[in-house]
Amino acid sequence: MAFQALTDYERQRLENIRRNDEMMAALKLQSKASELSAASKRQRLETKSEKVYPKTKPRNETPMVLRRSLRARGISPDAKKVVDELPEPATKIRKSDTKSKPSPRVLGPVEMIEVCSERESHRSLIESILSISNKSLLSRSVEDDVKEGNGTFPNEIKTEGGGDGNCLKMEPNDNYPNLVKTETEELTSDTKGHLMSSFKMEHKNDGSCIKPASLVLNADNIARVVPGRIMAVKFFPCRDSRMIVVGNKFGEVGFWNADHEAEEGNGVYLYHPHSGPISGISIQRHALSKVHTSCYDGFIRLLDVEKEMFDLVYRNEDTVYSLSQQSNDANCLYFADGRGGLNIWDRRTGNCPMEWTLHEDRINSIDFNVENCNIMATSSSDGTACIWDLRSVNTEKPKTLKTISHKRAIHSAYFSPSGRFLATTSFDDNVGISGGVNFKDTLMIPHDNQTGRWISSFRAIWGWDDSYIFIGNMKRAVDVISRAQRKRVFVLQSPNISAIPCRFDAHPYDVGTLAGATSGGQVYMWTMSRDI
């Protein structure tokens, strides 16, 4: 290729380039730029690497161990070797302002403070229940002193109208003729001072029936006790208190002290001892500091307020659907599990001496006759409710005293306060009432029981005598059914009701006090109006 001479402009341009390169080399600008570029690139790569590929903990890292007492973990104090081999993972306490989470299946006792929603209010509940329990013990002691005269309590409740159980009437006995207040008689000061400490006369009883129209719902008697659907509700069986305990579908147990003082907050206390829906609550009259709860997770726990512990008394691989106790026996628990099974757990031996298969499907409720605790009623999803005599139940082939049939699943079967009638609630849109000799007479009262999947099934309960049955209404109300008239005679309505009451309990001592629980965690408490 022929050599081409450079022009004066090109020679000047090359000279400028050479001179600039020498100047930059003297100032070391190129090396500084390279170092800055490399540092910036390295920083970007490190940031991207941390975001996409987070550091993971080594697999052989020693887990953090939560130190807890041997008593809280259900291990004997001398089993130190076992403790070393069973480290427990750390757990976090659920705060009250966070969403409810399922409780873990803890195989052993659980301290109340560990599953308490608000630790600040925990001590207040303990003191309230212990105070109620102590008052109840004192009250029973006074009752025993009164009974020493002739073996009967002076103001026992008797039925009026030929013993048909329609009305409640307060009648005096021979030893204490002045206990019943009439229009012309007053309680003597000596008698009043001796007996008024043992029982609380909430309402005057002139021998007439409780009128449904006298039940009112005040705004002060409403509380949201637990989050979510309530599965079971129960009054503490004591005269001087209106303490309510409920269980929801998340395994939480809530307490509401309706008699709390204003400075004590709202009187609501929340705990989370179970990992599934609560299926039953049982409280014995003579042991108010001990509350049994059963759960779909197969666990039965005993809340012992004196120990401040949820003890694990029984563990089952099957689902526990219902729980009950005889009123005169605190040692035995009757619970239903699996498909139609019923077990009896004895606290004295720590095992189940009796296991029966009574139904073809799950047992939804267990109830005992007040007059004879050996007579038991069960309701089942197989469409039958059965009455049993525990003294003659054959293990291989149990035989019922009476079987009441519905076309669909029966969710409850409860004896009346006198024990002479049985009320059943079924998904076939009927409430059944059985009575007469050996409960041979059964009548069906139509009622809409289609609650759907988001509302707990309706379960009709008796009031304070054999006159009325209370059951939820899909229009946010409570239907009152008269046994004598065989139909609905009244509807409890109130602008304060914002949800459908589906599960109920009547206070066993405070006549006219009715609790209704909703699927939104609310509890409504009706009381007797003194103006009617």
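Which residue stands opposite valine 246 in β8? Glycine 254 does. Okay, hi everyone. Before I go on, remember that this is a predicted model.

So, that pair first. Strand β7 covers residues 243-248 and strand β8 covers residues 253-257, and the two run antiparallel, joined by five bridges. Just as a refresher, strands of a sheet pair through backbone hydrogen bonds, in either a parallel or an antiparallel way.

Now zoom out a bit. β7 and β8 belong to an open sheet of four strands, ordered β6-β7-β8-β9, and the pairing is antiparallel. At the edges you have β6 (230-235) and β9 (268-271); each has a single partner strand, so one side of each has no neighbour in the sheet. On average, neighbouring strands in this sheet are turned by 15° against each other, ignoring direction.

Next up, strand β22, residues 410-415. Six of its six residues are buried, so the rest of the structure largely encloses this strand. β22 pairs with strand β23, residues 422-426, through five bridges, and those two run antiparallel. If you want one pair to click on, take phenylalanine 415, whose bridge partner in β23 is leucine 422. The two strands make a hairpin with six residues between them, and in the turn glycine 419 has a positive phi of about 80°.

Last thing, cysteines. How many disulfides does a search of the whole structure find? Zero. Cysteine 295 is buried, because its relative accessible area is 0% and the cut-off for buried is under 20%. Cysteine 502 counts as buried too, at 0% relative accessibility.

That's me done, thanks!

Conventions. Residues are numbered from 1 along each chain as its sequence is written. This is a predicted model: local features need pLDDT of at least 70, side-chain atom pairs count only at pLDDT 80 or more; totals for chains, interfaces and linings use all residues. Side-chain values use heavy atoms; hydrogens and water are left out. Buried means under 20% relative accessible area, exposed over 50%, partly exposed in between (1.4 Å probe, protein chains only). Two strands pair if DSSP finds at least two bridges between them. Axes are lines fitted to C-alpha atoms, for helices over the stretch in contact, and angles run from 0 to 180 degrees between N-to-C directions. A disulfide is a pair of cysteine sulfur atoms within 2.5 Å.
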